Amino acid sequence: MNHPSYTDQTQSPLPRRHFMGSLGSGLAGISLASLLQEEAQASGHHPPTGQPHFPPKAKSVIWLFMRGGVSHMESFDPKPMLTKYEGKSISETPWKDVQDPEKLKKVRVVVVNDANGQQRNKIYPLQVGYKKYGESGIEVSDWFPHIGGCVDDISIVRSMWTTDDNHGAQVQFHSGRHMLDGRVPTIGAWVNYGLGTLNQNLPQFINMGPRFFDVRDGHYLGPAYDSVPLKVDPKNPLPYAKPELDLSHREQQIEFSLVNQLNQLSAEQYPNDTTLQARMKSYELAFRMQTAVPEVIRFDQETKETQDLYGLNNPETKPFGMQLLAARRFVEKGVRFIQIMHGPGAAGAWDSHSNLQKSHSKLAKQVDQPAAGLLKDLKRRGLLKDTIVVFATEFGRTPGSQGSNGRDHHPYGFSIWMAGGGLKGGVAHGATDELGFHAVEKPHYVTDVHATLMKQLGLNARLLEVPGHKRIEMDFGHPIDEIIA
């Protein structure tokens, strides 16, 4: 069998890339997404300008996503009629028309007759009380008292809707497209694509926490715009950034010098291969990140009061609190988009088909104090005016019961909230009907959240298109102007 010569192999960039990766695969693993951005630009695939299209009101986004589907009725959209009509069927209430087939056509079912994603007709009462907070007097559930205490800085949107009745809705909330449509870039990827870096030593798009169904972001934009996965562990923040061998800082410098020399030789031989310069810059960035990223995750630089604010003194709140404190520190250093996923498991921990009271109260306790701590900390440091915090979930839960004590998936109406970055505080925008079934007042498809972020970041989404990939109207959404200050 004839083996190709080294010269033959180098005519294709793939073997050379494998060779390069073998020299520093630990480094490549740190953030191939961010590192490849230089390579994408060198190949002619790059954002139009890397600058905002118009003066922005925000610089960064911290995106908190509750995986599994938070019950809107037991969080930010109280529905006392559920308790009044407990045990009745929906058809026995004054709002039986919510199940009019014409009103149910929005949903596209992935798996017909799936055990989940059903409407559930027997009214299930509220499992938690509500209280009014702040000067705005907005009601928030007793499971979220700390967030309730920040309500005057928050815009709650109670009229979200989506079209996927199963957990592919996690992908849909981030991309705007149904799972049946195939994969397209997520909101974080578009922000990363449209805006230039604020810090050359750090990735511009970070993900913390579990992801399933789709772990990529860039898709047809390319891996340059995927998020960089990061695990917050102050003792070992970047295990995959370490070289495979036990190399000193000086030895790594020598390794990079060798790689660059090889690249230069190859560039002279193959001047049309435009990826080489980008590849060199990528490895240089990875080298810098080895120092920059661990330095950001230095919680010992924070006061005890700040650590306690995020709940780091409590084992229930510490894991999420550490991620949010890291997010604040990354924002301070200029990271554009930080995505934090809460709730393990493929479906997500918030998927309370049974034991809703027990599971939701436990999960809410994990995130409530850290989320409020983040808002308070950003505000007192003057960062909230430049940073948008989003608290979202893929869909809500059914007004009716599943089994004896759970709620099913509910895409027709649910709640999210946003704060900072030029958005109003003390606002409850939109509404569902009295049962919490449909978004009936100022309804918003999920990409309206994307459009709101884009507007505040100074981006015109309609200018962010790639030849050969036509975006549809639903992709762009419409800014929720009523919550913009």
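## Aromatic rings: worked exercises

This structure holds 15 aromatic pairs. To pair, the rings of Phe, Tyr and Trp (its six-membered ring) need centres within 6.5 Å; planes under 30 degrees apart count as stacked, over 60 as edge-to-face and the rest as tilted. The model is predicted, so local features need pLDDT of at least 70 and side-chain atom pairs pLDDT 80 or more, while totals for chains, interfaces and linings use all residues. Residues are numbered from 1 along each chain as its sequence is written, and side-chain values use heavy atoms, leaving out hydrogens and water.

**Exercise 1.** Work out what kind of pair F76 and F391 form, and where the two residues lie.

*Solution.*
- Start with the rings: 5.9 Å centre to centre and 80 degrees between the planes, so F76 and F391 are edge-to-face.
- Next, place them: F76 is in the loop between β1 (60-66) and α4 (80-84), and F391 is in strand β8 (residues 387-393). They sit 315 residues apart, so this pair links distant parts of the chain.
- Now check burial (buried is under 20% relative accessible area, exposed over 50%, partly exposed in between, with a 1.4 Å probe and protein chains only). F76 counts as buried because its relative accessibility is 2%, and F391 because its value is 3%.

**Exercise 2.** Do the same for W190 and Y193, then find which charged end sits over the ring of W190.

*Solution.*
- The W190 and Y193 pair is edge-to-face, at 5.6 Å centre to centre and 85 degrees between the planes.
- Both residues lie in helix α7 (residues 187-194), three residues apart, about one turn of the helix.
- W190 and Y193 are both buried.
- The charged end of R471 sits over the W190 ring, 4.0 Å from its centre; the cut-offs are NZ of Lys or CZ of Arg within 6 Å of the ring centre and within 35 degrees of the ring normal.

Definitions and conventions:
Helix = DSSP H or I, 4+ residues; strand = E, 2+ residues; numbered from the N terminus.
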